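Hi,

Here's the structure I promised to pass on. Have a look at it first, and then read my notes below.

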Amino acid sequence: MNPLIPTLLLLLHHIHFSTSQSTSQPPTPSGPTNVTAILEKAGQYTTLMRLMKSTQVADQINTQLNNSQSNGLTLFAPTDNAFSSLPAGTMNSLTDQQKVALIQFHVLPTFMSVAAFQTASNPLRTQAGNANNGQYPLNVTTDGNRAVNVTTGVVNATVSNTVYSDGQLAVYEVDKVLLPLDIFGPASSAAPAPAPSGGGKGSKPSSSASGDTSADGSGDASDGGVRDRKGLAMVGVLIWWLVRMI
């Protein structure tokens, strides 16, 4: 028997034991949740990522997600095609504050699975503000195929894909940018009071002038009638006197 065989067997046993130990070790824990990293990995969300970073909404989301007291978050993610479908100049016309509200309008302050949308109470509350006052209403409806539709009072969008879901963060792709009513709804300016018509003012002097003329005319006619009656009386007296003289 070759004296090297026991040595080789011992070496093989050591290698197998070491390999078994290394494969049975738990995977390295993942780092903090990063919503922009998730979107970047998914692709086609460049515009949304840029807006989330410039408005600092991405930092707010990441901070909330990594807070042990968080109830999770839900993000509706419009694709780059959804943003490019907006009328030209739409985003450039917004103030910085409006851009923040627009991105926050796409974020729900709780984690919602697709199944949870079926029993959700509308309107849903977003991070943009209270939906009950009509400023930022967001309503969801589902059909029998569990398709989710999102309406804002300005646009109707459809959830076309689940980008990410881990029980703490849910990211759903939507085919349109969710435009809030408070920013993109029709302007609710009060109708201006009608200007006084020129005829109304003119009618008074005209009426007055007409009245004056009528009054003057009736006065002249009245004076003439008195004079006529006096003349007839004098004629009557004169005739009576002549008759007596005869």
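Let's start with the strands. β5 and strand β6 (residues 169-174) are paired antiparallel, with five bridges between them. If you want a spot to look at, find T162: its bridge partner in β6 is Y172. The two strands, β5 and β6, make a hairpin with three residues between them. In that turn you'll find G167, which has a positive phi of about 90°.

Before you go further, keep in mind that this is a predicted model.

Now go to the other neighbour of β5 (residues 156-165), which is strand β4 (residues 148-151). This pairing is antiparallel too, over three bridges. Here V150 stands opposite A157 in β5. β4 and β5 also form a hairpin, with four residues between them. The turn holds G153, and its phi is positive as well, at about 95°.

Next, the helices. When two helices pack, people describe them by the angle between their axes and the distance between those axes. For helix α2 (residues 35-42) and helix α3 (residues 46-54), the axes come within 10 Å and cross at roughly 165°. Angles over 145 degrees count as roughly antiparallel, so α2 is roughly antiparallel to α3. The crossing of α2 past α3 is left-handed.

Which residues in α2 and α3 meet? On the α2 side they are V35, T36, L39 and E40, and on the α3 side L48, M49, M52 and K53. Sorted by type, the residues of this contact between α2 and α3 are five nonpolar, one polar and two charged.

Cheers

How values were computed
Residues are numbered from 1 along each chain as its sequence is written. This is a predicted model: local features need pLDDT of at least 70, side-chain atom pairs count only at pLDDT 80 or more; totals for chains, interfaces and linings use all residues. Side-chain values use heavy atoms; hydrogens and water are left out. Axes are lines fitted to C-alpha atoms, for helices over the stretch in contact, and angles run from 0 to 180 degrees between N-to-C directions. Angles under 35 degrees count as roughly parallel, over 145 as roughly antiparallel, 65 to 115 as roughly perpendicular and the rest as oblique. A crossing is left-handed if the near helix is turned anticlockwise from the far one by less than a right angle, and right-handed if clockwise. Contact means heavy atoms within 4.5 Å. Ala, Val, Leu, Ile, Met, Phe, Trp, Tyr, Cys and Pro count as nonpolar, Asp, Glu, Lys and Arg as charged, and the others, Gly among them, as polar. Two strands pair if DSSP finds at least two bridges between them.
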